[in-house]
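Student: I should like to work through this structure with you, one question at a time. Please reason each answer through before giving the value or name.

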Amino acid sequence: MNRQAFIDRLRLGLSGLPPAAIKDAVADYETHFAEGAAAGRTEEEVAEALGDPARLARELRAESGLKKWEEQRNPTSAAGAIFAVLGLGAIDILILLPILMTVGGVLFGLIVAAIGVFVAGGVVFAAGPFLGPPGGPIAALLAGIGMMALAASAGAILTIVVIGLVNALVWYGRLHYRLLKPAIEPQS
């Protein structure tokens, strides 16, 4: 594969990233080709040493997603980091996807339950004193406040768990990238 075909495939794999990131990545690989030509290597030899441009694009996209998560800790960047890590390879998808789906489903269920308990606490707080509960209206007010406090605490703990899981995925992605990096560095 010559330089132009390599760069075209790399650009195609990087589509969707910010234009500045694509430009920087392409410039970096153009430099590899220029240095290879200066060392007397052909474009085909340099392209072979660099590896598959589609795989390189996946790794660069993963790195971009991980950096975005470190800069902006929000649900969008968390999802981007998760999908970037999953996009590193088919084996990772086969291993991580079932685990992530299970953990994500449990967390989603717990979040929905916390919201349900909070709403139920609000109903008990607002309507309980008028329905003649055992223990009187004060017991209904306190029970409603207690349910809402429990739900808020559970929501806070679940938020910490979700952030921890995303950080663990980012760590895994960085580890994966460090393990693959020697394979994509040109051999001297």
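Student: Of the contacts in the protein with a separation of 6 or more, what percentage is accounted for by residues 24 or more positions apart?

Tutor: The model is a predicted one. Contacts with a separation of 6 or more form the basis of the count, and the part sought comes from residues 24 or more positions apart. In this protein that part is 62%.

Student: How many helices and strands does the protein have?

Tutor: Read along the sequence, the pattern is α-α-α-α-α-α-α. The protein therefore has zero strands, its helices being runs of at least four residues. The number of helices is seven.

Student: What percentage of the residues in the protein is buried?

Tutor: A residue is buried when its relative accessible area is under 20%. The protein has 188 residues, and its accessible surface comes to about 11,200 Å². Carbon and sulfur atoms hold 71% of that surface. The buried percentage of the residues is 27%.

Student: Which residue forms a salt bridge with Arg3 at 2.8 Å between the closest N and O atoms?

Tutor: Side chains of opposite charge can pair when their charged atoms come close. Arg3 lies in helix α1 (residues 3–14), and its partner lies 27 residues apart in helix α2 (residues 19–38). The closest N and O atoms are 2.8 Å apart, and the partner is Glu30.

Student: Is Arg3 buried, partly exposed or exposed?

Tutor: Buried means under 20% relative accessible area and exposed means over 50%. The relative accessibility of Arg3 is 25%, so Arg3 falls in between. Glu30, with a relative accessible area of 26%, is likewise placed in that class. Arg3 is partly exposed.

Student: Which residues are linked with Arg3 in a network of salt bridges?

Tutor: The side chains of Glu43 and Arg3 meet in a salt bridge at 3.9 Å, N to O. Glu43 lies in helix α3 (residues 43–50) and Arg3 in helix α1, so this pair ties together parts 40 residues apart in sequence. Arg3 also forms a salt bridge with Glu30. The residues linked with Arg3 in the network are Glu30 and Glu43.

Student: Which residue meets Arg9 in a salt bridge?

Tutor: Arg9 is in helix α1, while its partner is in the loop between α3 and α4, 43 residues apart. Arg9 is partly exposed at 37% relative accessible area, and the partner is partly exposed at 31%. The N to O distance is 3.0 Å, and the partner is Asp52.

Student: How many salt bridges are counted?

Tutor: The rule requires a side-chain nitrogen of Lys or Arg within 4 Å of a carboxyl oxygen of Asp or Glu. Arg3 with Glu30 satisfies it at 2.8 Å, Glu43 with Arg3 at 3.9 Å, and Asp52 with Arg9 at 3.0 Å. The count is three.

Student: What is the orientation of α1 to α2?

Tutor: The axes of α1 and α2 come within 10 Å and cross at roughly 160°. Angles over 145 degrees count as roughly antiparallel, so α1 and α2 belong to that class. Among the residues of α1 in this contact are Phe6, Ile7 and Leu10, which meet a set in α2 including Ala25, Val26 and Phe33. The orientation is roughly antiparallel.

Student: What is the handedness of the crossing in which α2 passes α3?

Tutor: The axes of α2 and α3 are 9 Å apart and pack at an angle of about 130°, and the two helices are therefore oblique to each other. Tyr29, His32, Phe33 and Gly36 of α2 make the contact with Glu43, Val46, Ala47 and Leu50 of α3. The crossing is right-handed.

Student: How far apart in space are Thr159 and Ile111, C-alpha to C-alpha?

Tutor: Thr159 lies in helix α7 (residues 136–184) and is partly exposed at 44% relative accessibility. Thr159 and Ile111 are 48 residues apart in sequence. Their C-alpha to C-alpha distance in space is 9.1 Å.

Conventions. Residues are numbered from 1 along each chain as its sequence is written. This is a predicted model: local features need pLDDT of at least 70, side-chain atom pairs count only at pLDDT 80 or more; totals for chains, interfaces and linings use all residues. Side-chain values use heavy atoms; hydrogens and water are left out. Buried means under 20% relative accessible area, exposed over 50%, partly exposed in between (1.4 Å probe, protein chains only). Contact means heavy atoms within 4.5 Å. Accessible areas come from the Shrake-Rupley method with a 1.4 Å probe; for residues, only the protein chains shown count as cover. Axes are lines fitted to C-alpha atoms, for helices over the stretch in contact, and angles run from 0 to 180 degrees between N-to-C directions. Angles under 35 degrees count as roughly parallel, over 145 as roughly antiparallel, 65 to 115 as roughly perpendicular and the rest as oblique. A crossing is left-handed if the near helix is turned anticlockwise from the far one by less than a right angle, and right-handed if clockwise.
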